[in-house]
Amino acid sequence: MTEYTLYGRVVLCDRVIEDGAVAVSGSKIIYAGDRDAAPVCGEAVSRGGTIMPGFVDIHCHAGGATWFYEDAAACAGYHLRHGTTTMCATLYRDIGIDGILSAIERIKTEMKKNPVICGVHIEGPYLNPELGARSSGGDICADPAEYMPILDCGVLRHMTYAPEVRGTEQLMRDLKSRGIKGSIGHSKASPNEVRRAMELGASNVTHIFDATGAAVSPTRWGGTIEADFNVSALVCDGFTYEIICDRDGVHVRPEMVALVKKCAGVENIIGITDACGGDGDGEDVNFLDGELNGSKLTMNRVAANFVSLGFTLPEAAAVTSLNPARFLGMENEIGSLAAGKRADIVVLDDDFGVRAVYKAKD
């Protein structure tokens with residue numbers, strides 16, 4: 001369909017229209033609002049569901065049982081079926097620098113024909129060795145000779161690093177000079193190290209409250225609590241905060257989600273899947289040898305889980321669509337149902353199951 005009008009419950013940035021419409025012509029939304037005022041545009045489609053902007057996932061390793069470094073097309077297709085219309089392919093440090101570079105080339109090839117993938121996110125290798133940096137542990141230093149080919153690949157959107165790792169100040173400068181976002185995570189950075197990372201240009205916290213260790217112990221004074229990485233990041237103005245919002249609060253406890261919302265505001269929360277493979281058993285999380293190993297989430301479930309914690313539908317749309325679009329610098333193109341934006345749309349049932357997905361063809 002090149003022209004069509006969807007009828008149902010329409011989720012806008014500031015309100016929900018129970019009897020609404022979204023009209024599309026070509027690849028663009030031309031109207032989103034009350035049904036009575038909608039223009040006559042092409043085929044009328046009434047699915048009786050909730051119409052939301054297509055989801056945007058900036059941190060996703062896998063789709064179903066397939067990893068992005070193995071088959072980017074399969075991963076993107078899996079998540080598109082679950083409502084994600086724009087996403088970053090995340091590559092983890094465990095495949096090594098050569099593995100990352102070869103995977104980037106395969107993803108670049110797929111991006112030429114697949115508009116769902118907007119770029120790459122690299123998680124590592126410059127992470128705290130106690131929090132998933134390299135299985136061998138040992139000293140780590142960010143070496144420009146090692147990371148420059150990654151930074152210059154042309155499709156890198158953001159890179160996660162731990163600010164306490166040697167050489168990452170220069171890494172952040174190099175990221176910033178290329179317009180690539182710096183994300184901090186897998187870290188035990190001190191308050192001063194977190195502030196310094198922000199001063200240098202880091203703008204995002206990778207899955208806050210996950211892979212960051214517990215509070216500092218022992219404390220300087222008995223009966224007190226030190227400021228850990230998460231607290232240090234939350235008190236900084238200017239970060240966005242990724243949250244892996246699974247159904248049972250395994251990754252982030254409900255109270256911690258509420259804390260981020262209270263401290264940073266909905267506008268600075270980014271829901272992510274951090275999907276690491278696996279589906280079909282009704283669980284949101286993965287365990288490997290008794291240890292938490294990422295999620296099995298799709299973004300429609302992420303949205304559902306935020307709503308279960310008291311987020312309104314417009315707030316859920318913000319954290320799963322508009323906020324990540326803004327992080328990627330794409331908020332004028334995608335992220336909300338508004339005239340002039342790309343017609344990336346998902347229609348959900350009352351349980352957040354996907355009824356239909358519309359992906360604009362540029």
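The following paragraphs describe an open sheet, a hairpin and the largest pocket of a predicted model.

The sheet is built from 6 strands in the order E3-E2-E1-E4-E17-E18, and its pairing is mixed. Strand E3 (28–34) and strand E18 (354–358) occupy the edges; each has a single partner strand, so one side of each is left without a neighbour in the sheet. From one strand to the next, the twist averages 35 degrees. Within this order, strand E1 (residues 3–11) and strand E4 (residues 43–53) are paired in the parallel sense over 6 bridges. Val 10 illustrates the pairing: its bridge partner in E4 is Ile 51.

An antiparallel pairing is found between strand E15 (residues 285–288) and strand E16 (residues 291–295), which are joined over 3 bridges. Here Phe 287 stands opposite Leu 292 in E16. The two strands, E15 and E16, form a hairpin with 2 residues between them. In the turn, Asp 289 has a positive phi of about 55 degrees.

Strand E16 also leads to the largest pocket, since 4 residues of the lining come from E16, the largest share. The volume of this pocket is about 790 Å³. Its lining comprises 25 residues, of which Tyr 92, His 186, Leu 292, Asn 293 and Gly 294 are the closest to the centre. Strand E8 (84–92) and E16 are the elements that give two or more residues to this lining. By class, the lining of the largest pocket consists of 11 nonpolar, 8 polar and 6 charged residues. Leu 292 thus links the two descriptions: this residue stands opposite Phe 287 in the hairpin pairing and is among the residues closest to the pocket centre.

Terms used:
Residues are numbered from 1 along each chain as its sequence is written. This is a predicted model: local features need pLDDT of at least 70, side-chain atom pairs count only at pLDDT 80 or more; totals for chains, interfaces and linings use all residues. Side-chain values use heavy atoms; hydrogens and water are left out. Two strands pair if DSSP finds at least two bridges between them. Axes are lines fitted to C-alpha atoms, for helices over the stretch in contact, and angles run from 0 to 180 degrees between N-to-C directions. On a 1 Å grid over the protein atoms alone, a cavity is a set of points where a 1.4 Å probe fits but cannot get out, and a pocket is an open set with protein on both sides within 12 Å along at least five of seven lines; lining residues have an atom within 4 Å of a point. Grid points are joined across faces, edges and corners, and a volume is the space filled by probe spheres set on the points. Ala, Val, Leu, Ile, Met, Phe, Trp, Tyr, Cys and Pro count as nonpolar, Asp, Glu, Lys and Arg as charged, and the others, Gly among them, as polar.
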